[in-house]
Amino acid sequence: MNMTSPAEIAAVKKIGDVILHVDNISLAFGGVKALADISFDVREHEIRAIIGPNGAGKSSMLNCINGVYQPQEGSITFLGKTFRHMNPHQVAQMGVARTFQNLALFKGMSVLDNIMTGRNLRIKSNLLLQALRIGPAEREEMRHREFVEHIIDFLEIQPYRKVPVGQLPYGLQKRVDLGRALAMEPRLLLLDEPMAGMNVEEKQDMCRFVLDVNDEFGTTVVLIEHDMGVVMDISDRVVVLDYGRKIGDGPPEEVRANPDVIRAYLGTTH
Amino acid sequence: METTFPRLLLAHAAKRPHAAAMREKEYGIWQTFTWARFASMVESVACGLHDAGLQRGEHMVVVGTNRPRLYAMMLAAQSIGAIPVPLYQDAAAAECVFPINNADVRFALAEDQEQVDKLLEIRAQCPQLSAIYYDDPRGLRNYNEPGLHSLDSLIAAGEAFAREHPDFFRAEVDKASPDDVAAMFFTSGTTGNPKGVVHSHRTLLDRGSAGQEFDKLTDKEEVLAYLPPAWIGQNIFSYAQWLAAGYVVNCPESASTIAIDLKEIGPTYYFAPPRIFEGLLTTVMIRMEDAGWIKRTMFHKFMDVAKRVGPALRDRKPVGSADRVLYAIGNLLVYGPLRNNLGFSRVRVAYTAGEAIGPDLFTFYRSIGINLKQLYGSTETAVFVCLQPDDQVRADTVGVPCRGVEIKVNERGEVMVRSPGLLKGYYKNPEATNEVLTADGWYHTNDAGFIDASGHLKIIDRVKDVGRIAGGPNDGAMFAPKYVENKLKFFPYIKEAVAYGDGRERVCAMINIDFDAVGNWAERRGLQYAGYTDLAQKPEVYALIKDCVEKVNADLAADERLAGSQVSRFLVLHKELDADDGELTRTNKVRRGYIADKYLVLVDALYSGKTEQHVETQVKFEDGRTGIVAATLKIVDAKVFDPVKAAA
């Protein structure tokens with residue numbers, strides 16, 4: 001509708017200071033070098049994409065930030081604290097949430113319950129109180145339920161609230177996965193190929209949700225994707241990996257023009 | 001009725017301030033607006049609109065789904081003497097240009113981003129449109145358009161204005177007279193520009209209360225508002241009658257949750273066009289076919305009982321005691337749970353109108369214990385003209401005239417209506433007004449019909465559509481296309497049908513299969529297909545449809561007057577007729593003339609005796625892009641029957 005330049009968008013979105021700094025990360029599995037000396041940063045409120053061909057090291061990079069993998073070299077600075085390696089629980093508590101490439105939902109549980117699990121870290125009352133549903137525990141649950149309902153409304157999955165996740169089509173399961181991550185009220189949201197395996201319409205929907213999350217909640221998003229079109233449309237800045245090396249970093253139009261990227265990722269001209 | 005909509009609102013708010021007026025499901029919970037809260041919201045909006053410069057007598061557009069705040073906006077506009085003009089929320093942007101310019105609209109309320117985008121898109125063509133308010137702010141934060149404001153900001157401004165001018169609102173409400181214009185509805189119109197149908201407070205409220213008296217509606221009724229508010233039917237049920245009777249209107253969470261919301265609310269007063277009842281029945285049937293054999297056998301066994309006994313029970317006719325017992329068991333095991341599943345357990349009065357309803361479909365709902373009835377009316381008559389009394393319900397009539405209505409049939413066979421609910425006229429269109437309203441107050445319905453022996457009105461077709469067969473063995477026979485099409489559509493496998501025959505030797509038809517029903521039918525037979533176009537052209541599907549067509553022919557042959565309308569050739573269309581492609585009106589009626597032009601090659605092929613025809617059609621996708629659907633369609637002959645002479 002309103003064509004605005006990226007600079008104007010950035011001004012409107014108030015892209016802030018660097019909140020995540022990845023410094024000289026190297027990761028190897030035995031003799032295989034997954035990541036070699038990677039550095040980049042993520043600013044607050046931006047959508048930052050990591051792209052690259054299959055096996056470029058995108059998911060490994062995300063797993064390092066997430067604390068699942070422990071890089072042999074380098075450090076990660078998040079909100080001013082520097083870590084050699086993080087553990088997933090600690091990362092989650094600091095406000096980093098993620099979705100998974102191959103979905104990791106509880107298939108037999110309803111959409112509502114699945115998203116509710118995302119509130120786990122924020123539930124204060126102890127197990128006994130929760131089980132008995134007395135006083136403060138019940139009030140607390142209502143508060144969390146309300147938050148979850150906002151997410152359900154936001155992601156437009158009201159018709160499926162009580163449907164077991166396993167019965168939903170893949171595109172909707174992806175949305176539930178995103179919903180659960182949002183339930184953590186993350187500062188930083190890591191999305192591992194959110195559009196993988198989707199049809200065009202589902203991809204458009206997902207793009208809109210990612211943009212809306214970023215816009216409405218001001219959540220910083222780091223996104224892995226190999227669909228170039230999607231990435232270029234919604235990202236503020238893009239990191240390009242190839243065989244574990246960083247070969248490009250910058251705004252989409254700059255990356256698109258980068259000859260290394262064209263060669264590695266898009267293939268040379270036919 | 002010597003009152004107006006805003007006055008009724010204030011009366012309810014004074015009399016029962018804490019009773020529920022509207023509910024809206026949001027965040028998984030039904031949120032209640034009491035009459036007092038609703039009235040104070042209306043006051044704030046009205047003051048805000050006045051403060052923003054909306055003038056008495058000016059039109060204001062409201063576009064969106066059923067939301068309490070949208071209805072509050074309509075009431076607010078009426079409170080200060082402005083005229084709300086609801087537009088269809090699924091209309092394309094270009095379709096909104098005419099109404100907005102025709103009514104010189106400066107103010108509009110859009111429900112959400114989608115509707116705002118639509119209005120912004122046509123702003124260049126509607127330069128006077130200066131203020132657009134939106135209800136749901138989602139996605140609109142970064143819009144930087146002059147005159148675009150949130151409804152919340154309007155309410156805040158209104159509250160401030162009301163604090164300074166505490167008597168303003170009531171004084172404005174008191175200024176209105178029942179004969180002032182209350183609302184304007186644009187008719188979808190099958191040809192030309194839509195026409196704005198002007199109604200006063202009196203016309204709408206008189207009809208609303210006539211319907212209320214007829215069915216003894218009370219303030220205890222529960223209604224689910226789920227059809228477009230721009231359609232007068234929804235407006236009567238969830239606005240005029242809401243204020244007249246003071247019952248509760250429930251707004252669903254979203255369009256996709258209607259079935260769930262219906263179950264949760266359990267409305268007591270329900271309205272749906274035949275299409276919705278048809279869709280529900282199709283889902284029930286498909287689910288029953290997929291159910292285990294115990295359930296399936298039980299369902300079919302008891303449905304046979306219901307078909308035999310149910311309608312008679314509803315009409316309070318004598319029924320044997322064995323049948324009564326069987327029906328009671330059926331009610332316990334099948335009908336009750338089924339009603340509950342459909343959300344109809346509490347329905348006291350249900351209506352269908354707008355299109356003819358198939359006898360099987362109609363009987364199905366009546367037989368499982370739902371008081372489904374038919375009514376007759378249109379935008380111009382503020383809906384209620386004829387209604388069926390509880391114990392005189394039939395599938396092929398539309399009921400008896402209700403309070404205040406006079407009916408006659410003129411020399412053209414056209415039904416004429418005189419009632420206190422007739423339109424004041426078409427907006428800025430005296431020519432069209434004079435065409436439908438006579439000097440002595442009769443309204444031309446343009447429907448061909450007659451009053452039958454029991455005093456019920458029976459409608460055959462649109463007057464202009466009733467044609468004559470020319471040449472051939474049936475020369476001069478009456479051809480009622482819609483009558484034929486409806487008979488075809490009564491089969492679950494046929495979604496739409498378009499019949500041609502006026503001025504021709506014989507009748508030919510183009511048919512749209514129902515993708516769900518035929519798809520399921522094909523799956524159960526292990527018939528493989530690759531999407532709609534492929535399925536539609538399967539020889540097995542042609543055989544299925546041919547069977548339906550021939551049954552219709554046999555049926556038509558039984559009526560001497562309509563025997564000439566039998567369908568001799570037909571084809572199955574390769575794409576679904578769609579309102580987005582202009583083939584259906586926004587109320588989903590086929591546009592026969594437009595379709596004939598668009599598929600000229602097909603019509604020619606039907607009459608030229610070809611056995612197949614290649615066709616390419618442009619289609620519009622939901623996001624506005626276009627594409628081409630191409631297919632070679634087979635054309636098939638159907639058996640026609642000799643007219644059955646009535647036994648002397």
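## The nonpolar cores

In this predicted model, the largest nonpolar core holds 200 residues, and the members that touch the most other members are M60(B), A108(B), A509(B) and I511(B). Because domain 1 (5–207 + 220–254) and domain 2 (466–637) of chain B both give residues to this core, it lies between them. M60(B) can serve as an example: leaving aside residues up to four places away in sequence, M60(B) touches L54(B), A77(B), A82(B), I83(B), P84(B), V85(B), V105(B), F107(B) and A108(B).

Another core, of 65 residues, lies apart from the one just described, and its members include V22(A), I76(A), V213(A) and V255(A). As a general background to such groupings, nonpolar side chains tend to be buried together in soluble globular proteins.

## Two helices of chain B

In chain B, helix 12 (residues 293–314) and helix 14 (residues 359–367) have axes that come within 8 Å and cross at roughly 70°. An angle from 65 to 115 degrees counts as roughly perpendicular, and therefore helix 12 of chain B is described as roughly perpendicular to helix 14 of chain B.

On the side of helix 12 of chain B, the residues that take part are A306(B), K307(B), G310(B), P311(B) and R314(B), and they meet T363(B), R366(B) and S367(B) in helix 14 of chain B. Sorted by character, the residues of this contact between helix 12 and helix 14 of chain B comprise 2 nonpolar, 3 polar and 3 charged.

## The domains of chain A

The domain assignment divides chain A into domain 1, which covers 6–95 + 186–266, and domain 2, which covers 107–177. Taken over C-alpha atoms, the centres of domain 1 and domain 2 of chain A are separated by 27 Å.

Where these domains of chain A meet, 8 residues of domain 1 are in contact with 6 residues of domain 2. On the domain 1 side, the elements giving two or more residues are helix 3 (88–93) and helix 8 (200–216) of chain A, and helix 8 of chain A gives the most, with 3 residues. The residues on that side of domain 1 of chain A divide into 5 nonpolar, 2 polar and 1 charged.

## Where chain A meets chain B

The contact between the chains takes 13 residues from chain A and 13 residues from chain B. On the chain A side, helix 6 (135–154) and helix 8 of chain A are the elements that give two or more residues, with helix 6 of chain A giving the most, 5 residues. The side of chain A that touches chain B is made up of 4 nonpolar, 3 polar and 6 charged residues.

Terms used:
Residues are numbered from 1 along each chain as its sequence is written. Chains are lettered from A and ligands numbered from 1 in the order in which they are written. This is a predicted model: local features need pLDDT of at least 70, side-chain atom pairs count only at pLDDT 80 or more; totals for chains, interfaces and linings use all residues. Domain bounds come from an automatic or database domain assignment. Two residues are in contact if their C-beta atoms, placed from the backbone, lie within 7 Å. Helices (H or I, at least four residues) and strands (E, at least two) are DSSP runs, numbered from the N terminus. Ala, Val, Leu, Ile, Met, Phe, Trp, Tyr, Cys and Pro count as nonpolar, Asp, Glu, Lys and Arg as charged, and the others, Gly among them, as polar. Axes are lines fitted to C-alpha atoms, for helices over the stretch in contact, and angles run from 0 to 180 degrees between N-to-C directions. Angles under 35 degrees count as roughly parallel, over 145 as roughly antiparallel, 65 to 115 as roughly perpendicular and the rest as oblique. A nonpolar core is a set of buried Ala, Val, Leu, Ile, Met, Phe, Trp, Tyr and Cys residues joined through C-beta atoms within 7 Å. A residue is buried if 20 or more other C-beta atoms lie within 10 Å of its own, exposed if 12 or fewer, and partly exposed in between; C-beta atoms are placed from the backbone.
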